[in-house]
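The following report describes the arrangement of strands and helices in a predicted model. Please keep the sequence and the coordinates in view while reading.

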Amino acid sequence: MKLLIVEDEKALADSIYSYLQRENFVCEIAPSYTGALERIAQDDYDCILLDISLQDGDGLELLKTLKSNHKTDGVLIISAHSSLEDKVSGLHLGADDYLPKPFHLSELGARVAAIIRRRHSAGSHFIRLDDIEIDIQAHLATVKGRSLDLTRKEYQLLLYFAYNKGRVVSRNAIAEHLWGDDTGGTDNYDFIYTHIKNLRRKLVEAGAGDYIQSVYGMGYKLTIP
Amino acid sequence: MKLFTRYSRINILASILALVLGSIGYYIMIRGILIHELDDALKVEEAEILSHVRTLDELPEPSSYRDQQISFAPAAAPVRRRFMNITRPEYRHHDESQPYRQLLFPVTVKGQVYTVSVTKSEEETEDLLAWIMLVTAGMIVILLGILFMANRLLLRRIWQPFYQTLEGLRRFDLSKRESIVHTPTAIDEFRNLQTVVEVMTEKIRKDYEILRDFTDNASHEMQTPLAIINSKLDLMIQDQQLEEKHLRQLQAMYDAVGRLRTLNQSLLLLTKIENNQFAQATPVALEAIIDKKIIQLEDPIKVKQLTITTDVQPCELQMNAYLTDILLNNLLGNAIRHNSERGTLDIVLRPEFLKISNTGAPLSFDPATIFDRFTKGGHSEGTGLGLAIAKQICDNYGFVLTYSHEEGLHVLRIQFRPSMAGGIRPTEFRQNAILDLSHE
C-alpha cells in the first residue's frame, strides 16, 4: 500500500510517517504544494493525506487537480481550520474523509485504514483478527462463527483496536473516538474502563483469546499472537 | 421627566406669569382710561352748571336720572373741588349698591355758597371692563392651548433624529454588522451627535473585529503545535522500553494537551457563533434531539446513578442543527457532570420553553456570572465555556437563557418565545422592551 503525506509541518509529517510506516504501508512525504503536485503526477497512491493549508498553495486546488485527472487515489484532508466550510467543500470536491487538527495518530490510522478498505477490497467487508471476524457492513463481530452481543460502543472499540492492531492506543484517543469533541474530561476514563472490561469478557466468553491488554492504565493494545 | 414635559412646564409657567401680570396692567390701564372719560363727562356738566349760574345767577333744576344725578346743598364754606368714587343704593333697586363717580364743586348764587354734586353711574364702565377682561381671559386660554400643542408637535418632530439615534444605539449589536440608521437633519447639534455616534460605533466595531480575528487566528495557529505534541505522545507510548513512571507522566501530558484542545475548539466555536457562521437553519424537533442526547450521555448517567424524568411536549424550532446539538449537549452535559451521586435530572419541554433542573452542590461562584466565559467551580475539569457557548447560541436566536436556584435545584431555562400564561414578563424580552420604548 502506498501513502502520500502532504504536510509542510515537518515534525507532524515525521510523526505520521513513523506511525503509518509500520503498518506495512510505504509512505512518502511531500512537504509542499509543488512537491505534492509532482509526486501525484508521477505515481498513484492508495491514500493521500492532504493538509489543505500549505505555505505555497491551497490544498483544495491539489484535490481539484487530482479529480480532474481522474485519479482514484483516496484522499484524507487534514486541516488546522476545523471549519465546517472547509469540510463541506473538501468532501464536495471528492475527498474521502476530513480530520481536523489536532488529532491522535490512532484516529488517523483508523481513518486511513477505513479509506483503503473501502477503495480496494471491494466486496470484502470483513476484517479478520485471528479467530475474530468483524463484518463492517453489518456492524457485527463473530468469534468462530458465533456472533457476539456487543453494544454500539463495544463494537466501535473493537473496530478501532482492529484498525490500530499492535499499537498502544491512549485513553484520550479512545475517548475522542467514542465521544467526539464533547469529552467529559477524565470522567470518560471510567467509562472506557467499563466498556473495555465488558468487551474483553465477551470475547473471552465466546472463546476468543484475551487480545486486549492494558498498558499501565494509560492506554490499551490489541495484539494478535 | 421627559425633555418636553420639563420644557413645556417652564414655558407655560412663564407664559402664565407674563399673561397674568400683563392682564393686571391692562385692567388698570383700561379702567384709568374709562374713568378719565367719565370725569370728562362730569366736567362738561360742571361747565354747563357754572355757565348757567354765571348768566342767570340762579341754580339750575336739580335732576335725578338713572345714570346721572345733580344735586345742590347749601354750604357754610366753599367745598374743595374733587372727584370721588362712591357707592350708593341703586336707583331703582335699593337693596343693591352700585359704584358711582362723583364731582363736588362749589358755586355761589346770590351770595349763598352751595355744594354741587354731579354723580354718574360707573355701571356701564364696569360692564365694558368686565367684557374686555373676559375676552382677554379667553384669549389667554386659547393662546396657552395653542402654545402647548405647537410645542408638543414641533418638539416631537425636531427631536425625531435624536430619538432615532437613541433607538439605534439601543439596538446596536456588536456581533451584527449593521450600522445605526440616521435620518438627515438640519439641526447642528443632532448632526454632531450622529457623527460622533457613527465614529464611535465604527471604532468599537473595528476594535472588536480585531479582537475576534485575534482569537480566531490564535486558536488556529495553536492547532498545529498541538497536533505535533499529540502525535509525538502517540508515538512515544508505542515504546516498550517505557516504564510505568514515564507513562504516568505521559498521561498527564495527554490530559493537558486534551484540555488545551477542547479549550481551543470551544473558543473557535464561540467566535464562529458570534460571527453568525451557522446561519443555515432548518426546522428542528427538540424532543427527538433530547431523546438522542440522553442515549448519548448514558455512560455518565449510569455511573452517577441519576434518576431522569422527562416531561416533554413536541417543540419545533427554526435553528441550525449543529448549534441545536451543541446547545443541548452543553446544557444536559452540564446538568449531568455537576450532578451529585444518585441525584435527579428533570427535563420539561413545552412549545415555548425548555427547563432543565438538576441536583448538585451549591455554586462556588456568583450565580450572575454563570454564563460568563471561564466561570467554573473549583473542581470542574471543564473549560468554563460550555454555558457561555449555550448563552451565545440563545442570544443569536433571541432566546432567553436564565439560571435560578429553586428548592435546592439548579434550574436552567430557555424561553424560546414569550409565554402565553405569563411566567416571564414580556419586558424581559429585548424585542418587546424595544417596542415599548419606541412609543414615546
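In which sense do strand β1 and strand β3 of chain A pair, and over how many bridges? In this predicted model, β1 (residues 2-6) and β3 (residues 47-51) of chain A pair in the parallel sense, and the pairing runs over four bridges. Within this pair, Ile5(A) stands opposite Leu49(A), which belongs to β3(A).

Two helices of chain A pack on the sheet, and the table sets out the strands that each one touches together with the angle between its direction and that of a strand.

| Helix of chain A | Strands touched (chain A) | Angle between directions |
|---|---|---|
| α3 (residues 59-68) | β1, β3 and β6 (74-79) | about 150 degrees with β3(A) |
| α5 (residues 105-120) | β3, β6 and β7 | about 155 degrees with β6(A) |

The sheet on which these helices pack is an open one, made of five strands of chain A in the order β2-β1-β3-β6-β7, with parallel pairing. Because β2 (26-30) and β7 (97-100) of chain A stand at the edges and each has a single partner strand, one side of each is left without a neighbour in the sheet. From one strand to the next, the twist of this sheet averages 20 degrees.

For chain B, the description is given at the level of the whole chain. Chain B contains ten helices and twelve strands, and 20% of its 440 residues count as buried. Among the contacts in chain B with a separation of 6 or more, 63% are accounted for by residues 24 or more positions apart.

Methods: Residues are numbered from 1 along each chain as its sequence is written. Chains are lettered from A and ligands numbered from 1 in the order in which they are written. This is a predicted model: local features need pLDDT of at least 70, side-chain atom pairs count only at pLDDT 80 or more; totals for chains, interfaces and linings use all residues. Helices (H or I, at least four residues) and strands (E, at least two) are DSSP runs, numbered from the N terminus. A residue is buried if 20 or more other C-beta atoms lie within 10 Å of its own, exposed if 12 or fewer, and partly exposed in between; C-beta atoms are placed from the backbone. Two residues are in contact if their C-beta atoms, placed from the backbone, lie within 7 Å. Two strands pair if DSSP finds at least two bridges between them. Axes are lines fitted to C-alpha atoms, for helices over the stretch in contact, and angles run from 0 to 180 degrees between N-to-C directions.
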